Amino acid sequence: MQALALASGVAAAFGTVWLFLAGRRLTGALRRAYRLAALGAGGFTASVLVALVAVVTLVGEGERYEAPRALLGTGVAVGGAVSGLLLAWGLLRLPAAGRPTPTLRHLLDCLAVGAALWFTGWVLVVEPTRLLGPATPATPGGLLLSLATLAAIGGVTVVNALQVTGAGDDGPVLSGVGALVVGFAATGVAVGAGAAGTGLVLACAAVLPVGLLLLRYGAHRAARGVDAGPAAVRRGSGYVFLPMVVIAAAGLYHTLRGGAFSPLAVLVGCLEGFVLVARQYVALLDVRRYADQLANREAHYRNLAYTDPLTGLANRRALLRELYDWAADARPGGLIALDLDGFKTVNDMQGHDVGDAVLIEVGRRLAAEVGGAGVAARLGGDEFAVLLPVADAEAAHRLGARLLAVLNEPYPHDKGPIYVSASIGMACRSTAPDVPTLLRNADLALRAAKQRGKNRVEQYDVSYDQAQRRRTLLEHEMRGAIDRDELRLAFQPVVAVPSVRPVGAEALIRWHHPELGRVPPDEFIPLAEECGMINRLGAWVLDEACRQLARWLAEGHDVWVSVNVSPHELHAPAYVLQVDEALRRHQVPPQRLVLEVTEHAVARDLAELIRRLTALRATGVRIALDDFGAGYSSLGQLRNLPIDILKIDHSLVAEQGPPVAPSPGRRAFAPMVDVVMRLGHQLGLEVIAEGVTNQAELAVVVEAGCRFGQGALFGWGVPAEHLEAMLAAATSAGVRRREMSPSRTEPGSGSRSGTSSQPTGVDPTPPVQDVRSVDSSREMRQA
């Protein structure tokens, strides 16, 4: 017996020391939980060891053992109660089911379950049940104290078990089961010591190490579960109803057995009611707190949903809400659509941080100017809108002008002020039946402000709507114009002067729609450039021009054709191959095709333009610089440009007024034409005077030495068959006259050769020759 007692005591002591040492390797709340559990287990172990020593020592004393029996059982029960409270608190400190630390709700749940368990235990050990029978102490105070300890540990264990959501959360439950085993062992030792039950004492002492081992294993699993992350805490109604049902069932059983309720039992029953009420009050507070959090989050997300995060202004959704509210209340209002001019340059040159700072300042200025009278909103990017309570267009225009002045002020920056202008479009509710129409009207006015030079205020006009409708219709119809065979080419003759014999033609595209009628080129060509159709139109023009040129050459007409090239086409990587393919497909000599580039294309990217034109000239075609004098190119750029022909703009021929006509003793003279002609001839370029409209202008270009002209005086763009008749008539006249041709040079493709002189009084009209042996540049190089 002594050996068994000694072995049990040593095992229990070892388990306690092991639990304490395991806690030293942990940190934080988990380490404190281990220490509390180790202290509780140590208290239980000490109480059991004292009882073992007393029982083993006094087992043969007979009546001497009867005297301290009650005192020994009570002492073991008191020690176990204190140890049990420490152990229960340590179990509460173990992280369980996503709960890192015990909360008030958790404590109340444990207290409610513990009170129900104690009341049930009280019913089972008192009269008339007396579950322990003769082993029940005569004065069961120590037993009831041990039951309180078991109830506390059981309450914690049951609540933790109800919160288990997965296999990794069972550590606190296993610890609680181990603590219950330890508590039951200590209770059995206390009962056995008080009732001289040596066998019960030894049996319970032998069970104590098992409980400690289970307690250590469960605590270890709880410590591992901390790294797995929190799980969802289940908040069921069983916490509220189950303890009350248990107490009610136990009380009913006790009453049916004829038992009486002691004041302590009544107190515990009342405590259960107060705990449940407190628990529900805490739950109500949690619900209110959760509702407040939801309300705050809803307000936060509502603010995010209706506020621009960068500027703090209203966003598009908030503006639409205000617009619909104003429309529902029939309040007068005006909508201003605002867009910053050149803001992309600020982002590209200064960086997006500086761009954001400019946008923030724009928002601040708009908010300060609008105040509480209207709504300032940022729609996205550098687009803003302002909704103002204005009744008429004049008031709206005054507000727009004031906003424009405010936004045009410089924006401060560390590296110097930043200047950004704005374009404003305005529309009043009186011009629109609904909100979508009002938004569209403001956008149309903004587009008009952009198209008319930016940095201005434009009021919506019904003509904007009509123009937009026509623009949309034209864009839609233009995409199928080629397939529907609605496009035609007109050819404006280029003539040799002064004989006015056609030597070439410029291909001009014409569009005749079956419903819209004739659509002007200056209307649909810019639209084609904007919507990405210009490359397809240009390919069609190139192919049709080469096809017609091949036909004329096959019929024996000595002629060349020029085609206008858009900058979009010129910068397309496949354009050179497209030109070469068109020439080979129609078997056109490359020198017979002239590609005209407008002077405005030179101002974009001169270096890239030179590379593109050089690649085109390598195919054998000739390059003409169109509208020279109407753009921004300088005379010095002509030396670097790989061109063959210079077309003088009509503004240089007219020189802002009628030129001086020839008269006896006075010749026609236009200084700019004379300068351009001399420079062009010095650079080996052929010069064509555009826009010749009368005899006086013809005399000017002839006197300046220009050998080719184009304009209304010689004919507008005509169908191919009309120009073919002109070519046939000129060819017949040339055959009849058989005049001597002047001497000439035959430069190679794309060369810039000098010009030869022409004898006075000789008509420059050459005789007809076989086109297969004619140098394509002859007509433009002849004297």
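**Strand 6 and its partners, with a nonpolar patch on helix 4**

Strand 6, spanning residues 487-496, is mostly covered, with nine of its ten residues buried. The model examined here is a predicted one, and strand 6 makes a handy starting point for a tour of its pairing.

On one side of the account stands strand 7, which covers residues 501-513 and runs antiparallel to strand 6, the two being joined by ten bridges. Together, strand 6 and strand 7 form a hairpin, and four residues lie between them. Within that turn, Val500 deserves a glance for its backbone, as its phi is positive, at about 60°. Where the hairpin closes, Ala496 of strand 6 is found opposite Arg501 of strand 7.

Strand 6 also pairs with strand 14, made of residues 708-709; this pairing is antiparallel too and rests on two bridges. Ala496 appears here again, with Phe708 as its bridge partner in strand 14. Ala496 can thus be followed to Arg501 in strand 7 and to Phe708 in strand 14.

Attention now turns to the surface. Leu39, Val78, Val82, Leu86 and Leu145 make up a nonpolar surface patch of about 390 Å². The top contributor to this patch is helix 4 (residues 69-93), which supplies three residues. Val78 is located in helix 4. Its relative accessibility is 39%, so Val78 counts as partly exposed, the class that lies between the buried limit of 20% and the exposed limit of 50%.

Conventions: Residues are numbered from 1 along each chain as its sequence is written. This is a predicted model: local features need pLDDT of at least 70, side-chain atom pairs count only at pLDDT 80 or more; totals for chains, interfaces and linings use all residues. Side-chain values use heavy atoms; hydrogens and water are left out. Buried means under 20% relative accessible area, exposed over 50%, partly exposed in between (1.4 Å probe, protein chains only). Two strands pair if DSSP finds at least two bridges between them. Patches are made of residues with over 30% relative accessible area and no salt bridge: like charges are joined within 9 Å, nonpolar side chains (Val, Leu, Ile, Met, Phe, Trp, Tyr) within 5 Å. Accessible areas come from the Shrake-Rupley method with a 1.4 Å probe; for residues, only the protein chains shown count as cover. A salt bridge is a side-chain nitrogen of Lys or Arg within 4 Å of a carboxyl oxygen of Asp or Glu.
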